[in-house]
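Thanks for sharing this one. Here are a few points that may help as you look through it.

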Amino acid sequence: MTRIVIIGGGPGGYEAALVAAQLGAQVTMVEQDGPGGACVLTDCVPSKTLIATSVRKQALLDAPSLGVSFSGGPDGDAGTVGVDLPLVNKRVKELAQAQSADIATRVEAEGVEIIRARGRLVDPQVVRAGDRTIRADVVLVATGATPRVLPGAEPDGERILNWRQLYDLEELPEHLIVIGSGVTGAEFAGAYRSLGSEVTLVSSRDRMMPNEDADGAEVLEEVYRRRGMNVMGRSRAASVKRTADGVVVTLEDGRTAEGSHALMTVGMVPNTSGIGLEEAGVQLDRGGFIKVDKVSRTSAPGVYAAGDCTGVLMLASVAAMQGRIAVWHALGEAVQPLRLATVASNIFTDPEIAAVGVAQRAIEAGEIEANVVKLPLATNARAKMQGFNDGFVKVFCRPHTGIVLGGVVVAPRASELILAVSVAVQQRLTVDHLAHTFAVYPSLSGSITEAARRLMQPGVSI
């Protein structure tokens, strides 16, 4: 029986453990914080739970435009929508723990041994877990990553925070300054603005989320400004200091911004130091990420890696797929190398921004030839009924064959809507296939089939 030891219990680790056990391997998963890892306990699950609360509150704030009014809010004033932050954070933490417990139950039911300890490689076939030494035929490293700390802006857990420290706050920040306008910064900035905090978003680039679809980022920035957020472009933070009752952020150009709290969202660093990787022959890149190939192999024989510690794409779905691929390959199963072009991603802002396949910037740069159709969400009947005015559906296809290359959806629950486009990309379907698929009327997904109809090629049939 093949012995597999997995260091790390996040999506890359526990999904690999499930596959390995189902294929008959003897599996040990080493995780110091708990099943689910940081993804479930401190990062993805907690943040999306908080965001779900903020979206619900924003819906109440927008309700009067649909003819719905209310009075006698929690604070006793007519029209007040209150937020009980301790209760919100309690729910966030309890949900994360419940999800971790569910994962533990599922993994252990498959016969996987879970060791609550810090794991490290002794050599490519030996893992040290706490006071135990385990010999393995295959090792999978899935140790994740940690919020980056900038010199001069070190979190203190009270006024200067990373996102893992937010859920210990007892009161809603009066004025939250978010440093970093990537996906994480955009998500938290929008959530706390909807919850009721004054928010300043500090972006070092011309626009927020510079690596995402430009049209989607433009829509979101317009929504944020309309909701009262202060978005500071071309403003790189030089330092963050505590004051008597808040923080002051000094920008590189000498300007300052003052608030009650600062949230640092300036990227991640891999958890790869001090766990014996280089001593075991595992090569790291300049950023400390583990170098892997398309089937998750490292430079050390029998050692694989998955998830954020590889820096491939910091998404839970990618980590999980990397872990599965590693196990399939290690156990001699048929395996398809990781195809990043088919990865669907979502930004959990309000509205959400989901994307899959090629990016429009590649099309505009002439790297890929494609036809594009973009339909405003405001023209969709269901969107009108629900009062959704911001967003769009965009689909890309090859000019002659009509094969779907990708798409972007900016809408409420875009994370659900993108699946149709993702299936089309994965299965190399054409816009004709999408156009001839029934969509419910009225529905937001109807905009996807409508975009496909507009891209249909004359004289081409399925």
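1. Let me start with Gln 360, bearing in mind that this is a predicted model. Gln 360 has a relative accessible area of 18%, and because the cut-off for buried is under 20%, this residue counts as buried. In the chain, Gln 360 belongs to helix 8, which covers residues 360-364.

2. Which residues does Gln 360 touch, once its neighbours within four places in sequence are left aside? The contacts are with Asp 213, Asp 215, Lys 394 and Phe 396.

3. A word on annotation: for residues 344-452, UniProt gives the feature "domain: Pyridine nucleotide-disulphide oxidoreductase dimerisation", from an unreviewed entry. In the model, that span is 33% helix and 28% strand, and 18 Å separates its end C-alpha atoms.

4. You may also enjoy the pairing of helix 3 (residues 44-62) with helix 4 (residues 85-109): their axes come within 9 Å and cross at roughly 140°. That angle makes helix 3 oblique to helix 4, since roughly antiparallel would need an angle over 145 degrees. The crossing of helix 3 past helix 4 is right-handed.

5. Which residues make this helix contact? Helix 3 contributes Val 45, Pro 46, Thr 49, Leu 50 and Thr 53, while helix 4 brings Val 88, Arg 91, Val 92, Leu 95 and Ala 96. Sorted by class, the contact of helix 3 with helix 4 comprises 7 nonpolar, 2 polar and 1 charged residues.

Terms used. Residues are numbered from 1 along each chain as its sequence is written. This is a predicted model: local features need pLDDT of at least 70, side-chain atom pairs count only at pLDDT 80 or more; totals for chains, interfaces and linings use all residues. Side-chain values use heavy atoms; hydrogens and water are left out. Helices (H or I, at least four residues) and strands (E, at least two) are DSSP runs, numbered from the N terminus. Buried means under 20% relative accessible area, exposed over 50%, partly exposed in between (1.4 Å probe, protein chains only). Contact means heavy atoms within 4.5 Å. UniProt positions are given in the numbering used here, feature names are shortened, and annotations may be inferred rather than shown by experiment. Axes are lines fitted to C-alpha atoms, for helices over the stretch in contact, and angles run from 0 to 180 degrees between N-to-C directions. Angles under 35 degrees count as roughly parallel, over 145 as roughly antiparallel, 65 to 115 as roughly perpendicular and the rest as oblique. A crossing is left-handed if the near helix is turned anticlockwise from the far one by less than a right angle, and right-handed if clockwise. Ala, Val, Leu, Ile, Met, Phe, Trp, Tyr, Cys and Pro count as nonpolar, Asp, Glu, Lys and Arg as charged, and the others, Gly among them, as polar.
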